[in-house]
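Thanks for making time this morning; I would like to walk you through one structure, going from its empty spaces to a few individual residues. Please keep the view open while I talk.

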Amino acid sequence: MVASDKVLRRKPALFLENVLCGSSPFDPREEVIQAWYMDDSNEDQRLPHHKEPKEFVSLDQLAEVGVLSWRLDADNYETDPELKKIREERGYSYMDICEVCPEKLPNYEEKIKSFFEEHLHTDEEIRFCAAGSGYFDVRDRNDAWIRVWVKKGGMIILPAGMYHRFTLDESNYIKALRFFVGEPVWTPYNRPHDHLPARKEYLEAFVENDFSNHAVNAAA
């Protein structure tokens, strides 16, 4: 399912709760992408780190801070017309595949540590989970951590200039397709790098100004 062109505001809730209670329409994306506010524990980063009580975040709320999301066909990504359409519309000419697990990622311990350092990029970060699962942590407007759990079939786009980090979950495996406009530039800028133009543009678009002025443009 493609990210909505119009962003609706609604209370955070798990998709099953929405279905059972009849409070909002079922969103197929929420089977493969879920989000919640994190606790402050220093326990294993691969744990869910839910608050108590749990505080879920809707995909519409993620869109309000610039995170776009889709549910796609992970078993047929090479021929999936929806993925092809997204790539054409957004200009994603480059693609590669990255498997993150102790057995397949060279210098695993070093890499997983660097992935979990809070950082930003000067271009979008696009990830499509073809197998496995993992956590993408992002900051909300008040600088609180939101944990975004992406499973097989889930695709997210993090906007340029957004502070974030990544870790595996307890399954210890993800196979992710990575996309880029033109030649890839993977440079991470660890926090703080607030002086970068990409950061200033992100703050202007999604934090300092009312989101309703930018929702349609962000999803276009």
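Three cavities of 30 Å³ or more are present in this structure, and I should say at once that we are looking at a predicted model. The largest cavity holds about 90 Å³ of space, and the residues that line it include His 121, Thr 122, Asp 123 and Glu 124, together with Phe 179, Phe 180, Val 185, Trp 186 and Thr 187. Which strand gives the largest share of that lining? It is E6, with three residues, while E6 and E10 each supply at least two. In terms of chemistry, the lining of the largest cavity divides into five nonpolar, three polar and four charged residues.

Let me turn from the cavities to the pockets, where the largest pocket has a volume of about 410 Å³. Its lining is made up of 18 residues, and those closest to the centre of the pocket are Phe 115, His 119, Glu 125, Arg 127 and Arg 178. Glu 125 and Arg 127 are also among the residues lining the largest cavity. At least two residues of the pocket lining come from each of strand E4 (94–100), helix H4 (108–115), strand E6 (125–139) and strand E10 (174–180). By class, the pocket lining has nine nonpolar, four polar and five charged residues.

Strand E6 also carries Asp 137, a residue I would like to spend a moment on. Is Asp 137 buried or exposed? With a relative accessibility of 0%, Asp 137 counts as buried, because the cut-off for that class is under 20%. Which side chains make polar contacts with the side chain of Asp 137? There is one polar contact of 2.8 Å to the side chain of Arg 147, and there is another, also of 2.8 Å, to the side chain of Arg 165. If we leave out residues up to four places away in sequence, Asp 137 touches Met 38, Phe 116, Trp 145, Ile 146, Val 148, Tyr 163 and His 164, as well as the two arginines, Arg 147 and Arg 165.

Next come the cysteines, where the count of disulfides is zero. A disulfide is a covalent bond between the sulfur atoms of two cysteines. Why does Cys 98 not form one? The closest cysteine sulfur to that of Cys 98 belongs to Cys 101 and lies 9.3 Å away, which is too far for a bond, because the cut-off is within 2.5 Å. Cys 98 is buried, at a relative accessible area of 13%, and Cys 129 is likewise counted as buried, at 2%.

My last residue is Ile 86, which sits in helix H3 (residues 81–90) and is buried, with a relative accessible area of 3%. Outside the four places on either side in sequence, Ile 86 touches Trp 70, Leu 72, Tyr 92 and Met 155. For Trp 70, the C-alpha atom is 9.8 Å from that of Ile 86, and the two residues are 16 apart along the chain.

To finish with the protein as a whole, its secondary structure comes to six helices and eleven strands, and 47% of its 220 residues are buried. Of the contacts between residues at least 6 apart in sequence, 76% join residues at least 24 apart.

Key: Residues numbered from 1 in each chain as written. Predicted model: local features only at pLDDT ≥ 70, side-chain atom pairs only at ≥ 80, totals over all residues. Heavy atoms only, no water. 1 Å grid on protein atoms, 1.4 Å probe; cavity = no way out; pocket = protein on both sides within 12 Å on 5 of 7 lines; lining within 4 Å. Points joined across faces, edges and corners; volume = space filled by probe spheres on them. Helix = DSSP H or I, 4+ residues; strand = E, 2+ residues; numbered from the N terminus. Nonpolar A, V, L, I, M, F, W, Y, C, P; charged D, E, K, R; others polar. Buried < 20%, exposed > 50% of the residue type's maximum accessible area, 1.4 Å probe, protein only. Polar contact = N/O pair within 3.5 Å; in protein donor to acceptor, adjacent residues only side chain to side chain. Contact = heavy atoms within 4.5 Å.
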